Amino acid sequence: ITNRAELISSVPGGHRMLDTNYNKLVDRLYFADTGGYVWRLDLSENIGDSSAPSKLTKFADLGDVNTVDSRKFYNEPDVAVMKINGKSVFVVSIGSGFRPHPLDSTLNDNFYILLDKSPYSDPDTTPILEGTLAAIEISGDIGSTSVSQPDGTITDATKNFKGWKVILPESGEKSLSTALGFDGVITFTTLIPDELRNNPDIDACDPPATYGRF
């Protein structure tokens, strides 16, 4: 496998397996790691042929070690097919969140919808970065939220966006489970720690209360 030495962080989540040429053999994997990277692995179907090795590509770089943006991925990415301006792309969706410390409120976690614009050919070797994603902002109280896209729409060819970044607005809000894309809709959940801590009806001696968003 080419570039395998670049994979230095653990991969606790699953691998999304695809058969992109419909020959009943798995030829593509997408997975993410605790270093904030999302990976694409193109599997060779020529076993034992050193001239056609499997290719590991750093698909996205979305973390920054030792900062508030030191995001970690513990889930398997969801992958779906979408058409943008008449061209098929793979939509890779995954949320970040420090699963061993669900009450952590120091990291800036997000939910990501990443576009693989070369789904049936060699991948782009330049990883997707935060700055190449269109922001989706959530505002309002929990239960009555509104959504806006301050950067414009994803189909704006002049900006060449490579996906979306859903900014999770609450302190410590994180995604701890796998997303599901179906029929043009991506659903995912988030956890908001300590959301109800100041509620007078909650005993201060009880474990901190949390809130889930769907």
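Student: What volume does the largest pocket have?
Tutor: Good place to begin! Keep in mind that this is a predicted model. In it, the volume of the largest pocket comes to about 610 Å³.

Student: Which residues lie nearest the centre of the largest pocket, and which elements give two or more residues to its lining?
Tutor: The lining is made up of 22 residues. Nearest the centre are Ile113, Val185, Ile186, Thr187 and Phe188. As for elements, those giving two or more residues to the lining are β5 (78-84), β8 (134-139), β10 (163-167), β11 (180-182) and β12 (185-187).

Student: How many residues of each class are in the lining of the largest pocket?
Tutor: Let's sort the lining by class. Two of its residues are charged and five are polar. The nonpolar ones number 15.

Student: How does the lining of the second largest pocket divide by class, and which residues lie nearest its centre?
Tutor: This pocket holds about 270 Å³ of space. Its 16 lining residues divide into five nonpolar, four polar and seven charged. Nearest the centre lie Asp27, Arg28, Asp42, Leu43 and Asp122.

Student: Which strand gives the most to the largest nonpolar core?
Tutor: That core has 16 residues, and Val38, Phe59 and Leu114 are among those with the most contacts inside it. At least two core residues come from each of β2 (28-32), β4 (55-61), β6 (87-95) and β7 (110-116). The element giving the most, with three residues, is β6.

Student: Which residues are among those in the other core?
Tutor: Apart from the largest core lies another, of 15 residues. Among them are Val89, Leu115, Val166 and Leu168.

Terms used: Residues numbered from 1 in each chain as written. Predicted model: local features only at pLDDT ≥ 70, side-chain atom pairs only at ≥ 80, totals over all residues. Heavy atoms only, no water. Core = buried A, V, L, I, M, F, W, Y, C linked by side-chain atoms within 4.5 Å. Buried < 20%, exposed > 50% of the residue type's maximum accessible area, 1.4 Å probe, protein only. Helix = DSSP H or I, 4+ residues; strand = E, 2+ residues; numbered from the N terminus. 1 Å grid on protein atoms, 1.4 Å probe; cavity = no way out; pocket = protein on both sides within 12 Å on 5 of 7 lines; lining within 4 Å. Points joined across faces, edges and corners; volume = space filled by probe spheres on them. Nonpolar A, V, L, I, M, F, W, Y, C, P; charged D, E, K, R; others polar.
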